[in-house]
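Reader: Please present the model under discussion, so that its fold and packing may be examined.

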Amino acid sequence: MKNILVVGGGGREHAIIMKLSESSKVGKIYCAPGNAGISKFAECYDVKATDVEGMVKLAKELKPDMVVVAPDDPLVLGMVDAMQAEGFMTFGPKANAAIIEGSKVFSKDLMKKYDIPTAYYEVFTDSDSAIAYLKEQNSYPTVIKADGLALGKGVIIAQNEEEAITAVKEMIDDLKFGKSSSRVVIEEFLTGPEVSVLAFTDGKTMVPMISSMDHKRALDGDEGLNTGGMGTISPNPCYTEELAKESMEKIFIPTMNAMNAEGRTFEGCLYFGLMMTPKGPKVIEYNCRFGDPETQVVLPMLDGDLYDIFEGIYNHTLDQVDIKWKDGACACVIMASGGYPESYKKGIEMHGFDEKGQVDGCFVYHAGTKLSDDGKFLTNGGRVIGVTCNADTLENALAKAYEGVKKIDFEGAHYRKDIGHRALNR
């Protein structure tokens with residue numbers, strides 16, 4: 001039996017842990033730092049996900065057979081490189097490949113160089129030049145992105161010149177996202193349905209997973225501030241077989257080959273944020289890891305052994321692994337703290353769970369939760385939980401997920417009531 005250490009402490013890591021636990025090859029699962037829900041299924045250790053040295057030290061003590069590095073920050077910081085240097089089998093890209101998410105400038109330049117379809121863009125390091133460009137283009141909405149990681153919040157869609165100039169000044173002059181926004185990308189606004197596609201790759205083989213649809217805005221009707229994601233559904237009905245074939249030929253395989261050509265072979269989960277434009281699929285963004293909350297609806301649809309896939313990627317034998325997907329659909333509704341994505345309280349007691357932090361009829365993936373001294377579930381983040389259900393149809397999956405949401409209660413709980421509506425009403 002293989003023992004596994006999973007790095008991270010959110011809903012994505014909870015989903016990865018639950019899928020790994022289904023494998024007949026997996027024994028003990030450790031997680032650092034984990035959360036209240038994860039602690040009911042894995043042994044948790046209080047080491048920050050970004051503490052590369054501390055995590056290597058923990059791995060040496062636990063001696064796991066595999067280390068799964070799930071979040072973007074430790075991947076960009078080189079945790080996989082550090083683990084491999086100590087002889088651990090790992091899942092996740094090395095730092096030189098994780099840059100595909102770690103730097104928007106790198107990824108946009110990569111797409112330009114290898115003719116991978118994306119929005120037209122320019123890069124700026126001083127606000128005066130950026131503002132001059134905005135005035136010259138005079139095209140709105142326009143997209144302004146911080147170069148580096150910004151917790152999924154470093155993208156502003158400016159509706160007019162005033163909003164665009166404010167965003168540029170906040171990013172470059174005020175360093176709103178720290179060093180991450182010392183360089184910005186200004187790019188054309190693409191239109192069309194958005195699709196998220198995660199893909200397993202070992203650098204030789206590319207296996208796209210079932211598609212999903214994220215809901216980034218905080219409020220119903222896609223209103224309000226951008227968040228890390230307020231809910232997801234899978235599969236995404238906008239993503240037809242024809243679009244999947246075109247994406248594979250023009251985006252997925254060329255990206256894998258481009259990274260190989262740059263000496264940055266990508267091994268792990270490569271996330272493609274796509275826009276189905278009138279001119280065909282284009283890349284909005286890459287992520288170097290499983291998306292959150294997309295993972296919470298994609299992995300429950302996997303009909304296969306996740307450990308075998310991870311091992312196949314590490315050994316560059318992914319082409320020999322049998323990967324299938326279940327019929328039906330999956331839906332996840334995020335319950336967030338009141339005030340998210342801005343300021344919010346932590347430590348609020350949650351009601352309606354069983355002893356494992358679950359509710360009948362759904363699976364609850366914990367993202368921002370902790371246990372009180374007397375074992376009660378408390379909120380401990382902006383996105384708190386993801387209430388998730390599989391069913392034969394999307395309509396039924398959503399109905400079940402919302403039934404689960406109604407059973408859980410905490411002061412200030414906020415969730416969107418229209419997850420999946422775009423898909424149902426298209």
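**Burial, size and packing**

Reader: What percentage of the 426 residues of the protein count as buried?

Author: This is a predicted model, in which local features need pLDDT of at least 70 and side-chain atom pairs count only at pLDDT 80 or more, while totals for chains, interfaces and linings use all residues. Residues are numbered from 1 along each chain as its sequence is written, and side-chain values use heavy atoms, leaving out hydrogens and water. Buried means under 20% relative accessible area, exposed over 50% and partly exposed in between, with a 1.4 Å probe and protein chains only. Of the 426 residues, the share counted as buried is 57%.

Reader: What is the radius of gyration of the protein?

Author: The radius is taken over C-alpha atoms, and the globule rule is 2.2 Å times the number of residues to the power 0.38. Because a compact globule of 426 residues would come near 22 Å, the value for the protein agrees with the rule: 21 Å.

Reader: Which residues touch the most other members of the largest nonpolar core?

Author: A nonpolar core is a set of buried Ala, Val, Leu, Ile, Met, Phe, Trp, Tyr and Cys residues joined through side-chain atoms within 4.5 Å. The largest has 75 residues. Those touching the most other members are Ile-100, Phe-272, Leu-274 and Ile-385.

Reader: How many residues are in the other core, apart from it?

Author: Ile-16, Val-68, Phe-200 and Leu-302 are among the members of this other core. Its number of residues is 42.

Reader: What are the spans of the C-alpha trace along the principal axes of the protein?

Author: The trace belongs to a protein with 13 helices (H or I, at least four residues) and 24 strands (E, at least two), both being DSSP runs numbered from the N terminus. Along the principal axes, the spans are about 60 × 45 × 40 Å.
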